[in-house]
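Here is a short tour of one structure, meant to be read with the model open beside you. We will look at a strand and its partner, then a helix, and finish with aromatic rings.

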Amino acid sequence: MSEMAVDLLEAVLARSNMQAAWLAVKANGGSAGVDRKSIEATRAHLVQHWPAVAEKLRAGRYQPAAVRAVRIPKPQGGERQLGIPTVQDRLIQQGLLLQLGPLFEARMSEHSYGFRPGRSAHDAVQAARRHVLAGKRWVVDIDLKSFFDQVDHDKLMHLVSQVVHDKRVLRLIGAYLRAPLHHPDGQRERRTRGTPQGGPLSPLLANIYLTPLDRELERRGIAFVRYADDIQLYASSERAARQMLANISAWLRAHLKLEVNEAKSGSGPSDRTQLLGFCITTDGETRVSDKALERLQTRVRSFWSGRPHQSLATLKRDWSQYIDGWWNYFGHASWTRDVLDLSRWIRRHMRKFLWLRWHSVPGRRKALWRLGVRGRGLYMASSGRGAWPIAKTPTLHQALSNQFLATHGYTLPWELVSGGPTRP
């Protein structure tokens, strides 16, 4: 075995590398795997047993635990299956990632943006915008059918082995790929394909697997953007876009054993497609996609549904975390009028929520009085109208003004940026 091959495994197991890996695993958090050990329980276990684990890794005898199968809802509907390794296996995978990532990074395409250092979804959107501004206004959306479940192990390991020559590292990666899925009903599913989402190595392995596609697109001179398995090609005409879709679909089947989801793939003008939640108009404006706005509205309805069991402090904290994160991402759009137009609708939900929290006629009268409503406006406390129409009345706008909502934690971050609320 060459010195270089030995050095790779030793670099993975080096104390400084594993300490950095542990800090990353701890920062990412996450639930326990099939061994039910939390991060702290795993730390206590490894303090005593890490020398034995490291020795198994060096001898090529380490066997990863099964991966806990978890199904989560997709934003666009349906479910996605995750595979949650144990914390110990997440640590080892993270140690591998810290060493393997730089080796493969230099071999990846400039047009690939997902899960790579110094690159982001916003960079991918800006690259797409440049293609559109260059006149390539027809977009081909390629949706890979169950990509993470269909990765061919032999093909992937061949690609990895072109860079990694340490057979112990190759065996370890192969063992992680084959680790069985442990389902909630106790059944274990053998795996001969796929790299389940949930482990630290999966994003890197996905990028390695799709790099040949990047190179083929470059060889053909096709303008494209890839963010993990989100792939868009850009063409100057509808005819060229349709031909690209057919040709690349055939190439994926032949060379990567991947099927394109025909129902979710297609081509169209840039302003009728979306990338990572953004839509790009034909004149180069970026705006929040209709689907992303619909998902925001769904979350707004859920947050401000009037659930009585949740404290106001908890609700406002959770809302602030959600909407600030949403705006930190989507605030990069150059056209935000669609978001600003939702401000009044969101505040109406907040007013409806507070009206429902006041419960009874005496409670509503007391709340209105405390908020400065006098005279005939107090009669609204006994109104039989529903909470949604009540939320639009001048009386409730007086009691729960935009300024009141903003200063009491019912915030809309885009209005704070633009100088504060201006519309009822």
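## A buried strand and its hairpin

Buried here means under 20% relative accessible area, computed with a 1.4 Å probe. Please keep in mind that this is a predicted model.

With that cut-off in hand, start at strand β6, residues 223-227. In a regular strand the side chains alternate between the two faces of the sheet. Ala-223, Val-225 and Tyr-227 point one way from β6, while Phe-224 and Arg-226 point the other way, and all are buried. With 5 of its 5 residues buried, β6 is therefore largely enclosed by the rest of the structure.

Which strand pairs with β6? The partner is β7, residues 230-235, and the two run in the antiparallel sense over 5 bridges. Within this pairing, Val-225 stands opposite Gln-232 of β7. The hairpin has 2 residues between its strands, and Ala-228 takes a positive phi near 55 degrees there.

## Helix α8

Helix α8 covers residues 167-178. At 1.5 Å a residue, its 12 residues should span 16 Å, and its end C-alpha atoms are indeed 16 Å apart. At the N-terminal end, Asp-166 acts as a cap: one of its side-chain oxygens lies 2.9 Å from the backbone nitrogen of Arg-168.

Because 9 of the 12 residues are buried, α8 is largely enclosed by the rest of the structure. Among the buried residues are Arg-168, Leu-172, Ile-173 and Tyr-176.

## Aromatic pairs across the sequence

A search of the whole structure finds 16 aromatic pairs. The ring centres of Phe-303 and Trp-319 are 5.4 Å apart and their planes stand at 80 degrees, so this pair is edge-to-face. Phe-303 belongs to helix α11 and Trp-319 to helix α12, so the pair ties together parts that are 16 residues apart in sequence. Both residues, Phe-303 and Trp-319, are buried.

Trp-326 and Trp-414 make another edge-to-face pair, at 6.2 Å centre to centre with 65 degrees between the planes. Trp-326 lies in α12 and Trp-414 in helix α19, so this contact ties together parts 88 residues apart in sequence. Trp-326 counts as buried because its relative accessibility is 8%, and Trp-414 counts as buried at 2%. Both belong to one aromatic cluster with Phe-278, Trp-327, Tyr-329 and Phe-330.

## Charges over rings

Two arginines are worth a look as well. The charged end of Arg-299 sits over the ring of Tyr-322, 4.3 Å from its centre. Arg-374 lies over the face of Trp-369, at 3.6 Å from the ring centre.

Key. Residues numbered from 1 in each chain as written. Predicted model: local features only at pLDDT ≥ 70, side-chain atom pairs only at ≥ 80, totals over all residues. Heavy atoms only, no water. Helix = DSSP H or I, 4+ residues; strand = E, 2+ residues; numbered from the N terminus. Expected span 1.5 Å × (residues − 1). Buried < 20%, exposed > 50% of the residue type's maximum accessible area, 1.4 Å probe, protein only. Polar contact = N/O pair within 3.5 Å; in protein donor to acceptor, adjacent residues only side chain to side chain. Pairing = 2+ DSSP bridges. Phe/Tyr/Trp six-rings, centres within 6.5 Å; stacked < 30°, edge-to-face > 60°. Lys NZ or Arg CZ within 6 Å of the ring centre and 35° of its normal.
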